[in-house]
Amino acid sequence: GYQSADANAMGCVYIAGGTCQAAFEKAIKMEIITREVCLSATHDISITSIGGKRFIVLEHAPHPSWHLVMGREPKAVRIFKETMCTLNGMRLWCAGRNDISAYVDEALGDLAQVTTARATARTFVTELLYGRPTGRFLKKHAHLRFMDAHVPEVQSLLRKWHGRSVLHSILTCGRLYTDLVSHDPALERWYGELGDKFVT
């Protein structure tokens, strides 16, 4: 986390990766931590408190080493940059306390538009998967937050496979979700051969 030299300033906390997120959620359920208010649903930023101390939290972000584990895959590197820029925006907000999205979007620069589009597309995906456009994934589907569902071609494929009642199977099979467009011809071939028996 980040703490300003100003004793009255709010600290910034980065929940880094799935294990930390699970521990954070458990602490909330145990009422050790209180999630007070959502500052930005788009960026998953909230104000949280513990023992009377308030801090600003970035949730559902990958661990900072994830892009290295992924061999510096371009998408993973982009998400790492987005996360670091978001943290910079949070730090700036702690000093100014106005609209947090403006600070984060400024820190994101050219990445702001795609970050916002991907966040909006999460509601589309949760509507398909759960029948509710919450934009919040079940823990077992948290990896889908980083899917490029904001891309029209990907949305079209998501609708197609949802209509065939096999979308859940596809999105939970390995890393197919990271590039549905390139995997689609193979999925079509297998679906054509297997029909109702199709599973990934």
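Contact here means heavy atoms within 4.5 Å. With that in hand, the predicted model can be walked through from its sheet outwards.

The sheet is an open one, built from four strands in the order β1-β4-β3-β2, and its pairing is mixed. At the edges sit β1 (11-16) and β2, each of which pairs on one side only. Neighbouring strands are turned against each other by 30° on average, with direction ignored. Helix α1 (residues 18-29) packs on this sheet and touches β1, β2, β3 and β4, and its direction makes about 135° with that of β4. Helix α3 packs on the sheet too, again touching β1, β2, β3 and β4, with its direction at about 165° to that of β4.

How do the individual strands pair up? For β3 and β4 the arrangement is antiparallel, with six bridges joining them. Serine 46 has valine 57 in β4 as its bridge partner, while isoleucine 47 stands opposite isoleucine 56 in β4. These two strands, β3 and β4, form a hairpin with two residues between them, and glycine 51 in the turn has a positive phi of about 55°. On the other hand, β1 and β4 pair in the parallel sense, over five bridges. Tyrosine 14 stands opposite leucine 58 in β4. As for burial, seven of the nine residues of β4 are buried, so this strand is largely enclosed by the rest of the structure.

One residue of β3 is worth a stop: serine 49, which has its place in that strand. Serine 49 has a relative accessibility of 11%, and because buried means under 20%, it counts as buried. Its side chain makes a polar contact with the side chain of glutamate 36, at 2.8 Å. Leaving aside residues up to four places away in sequence, serine 49 touches Ile32, Ile33, Thr34, Glu36, Arg54 and Phe55. Glu36 thus turns up both among these touching residues and as the partner in the polar contact.

Moving on to the helices, α4 (residues 100-108) has Ile100, Tyr103, Val104 and Leu108 buried. Seen down the axis of α4, the buried residues fall within an arc of 130°, so they line one face of the helix. What covers them includes the strands β2 (34-40), β3 (45-50) and β4 (53-61), along with the helices α3 (74-96) and α5 (112-130). After α4 comes glycine 109, with a positive phi near 60°.

Glutamate 82 lies in helix α3. Is this residue buried or exposed? The relative accessible area of glutamate 82 is 4%, so it counts as buried. Not counting residues up to four places away in sequence, glutamate 82 touches Leu108, Leu111, Val114, Thr115 and Arg118. Leu108 in that list is also one of the buried residues of α4.

Then there are the cysteines. A disulfide is a covalent bond between the sulfur atoms of two cysteines. A search of the whole structure turns up zero of them. Why do cysteine 12 and cysteine 94 not form one? The sulfur of cysteine 12 is 3.4 Å from the closest cysteine sulfur, that of cysteine 94, which is too far for a bond. The cut-off for a disulfide is a pair of sulfur atoms within 2.5 Å. Seen from the other end, cysteine 94 has the sulfur of cysteine 12 as its closest cysteine sulfur. Cysteine 12 is buried, with a relative accessible area of 5%, and cysteine 94 is buried as well, at 8%.

Last comes arginine 189, found in helix α8 (residues 180-194). With a relative accessibility of 47%, arginine 189 counts as partly exposed. The C-alpha atoms of arginine 189 and threonine 120 are separated by 31 Å, and the two residues are 69 residues apart along the chain.

Notes. Residues are numbered from 1 along each chain as its sequence is written. This is a predicted model: local features need pLDDT of at least 70, side-chain atom pairs count only at pLDDT 80 or more; totals for chains, interfaces and linings use all residues. Side-chain values use heavy atoms; hydrogens and water are left out. Buried means under 20% relative accessible area, exposed over 50%, partly exposed in between (1.4 Å probe, protein chains only). The arc is that of the directions from the helix axis to the C-beta atoms. A polar contact is a pair of N or O atoms within 3.5 Å; within protein, one must be able to donate a hydrogen and the other to accept it, and residues adjacent in sequence count only if both atoms are side-chain atoms. Two strands pair if DSSP finds at least two bridges between them. Axes are lines fitted to C-alpha atoms, for helices over the stretch in contact, and angles run from 0 to 180 degrees between N-to-C directions.
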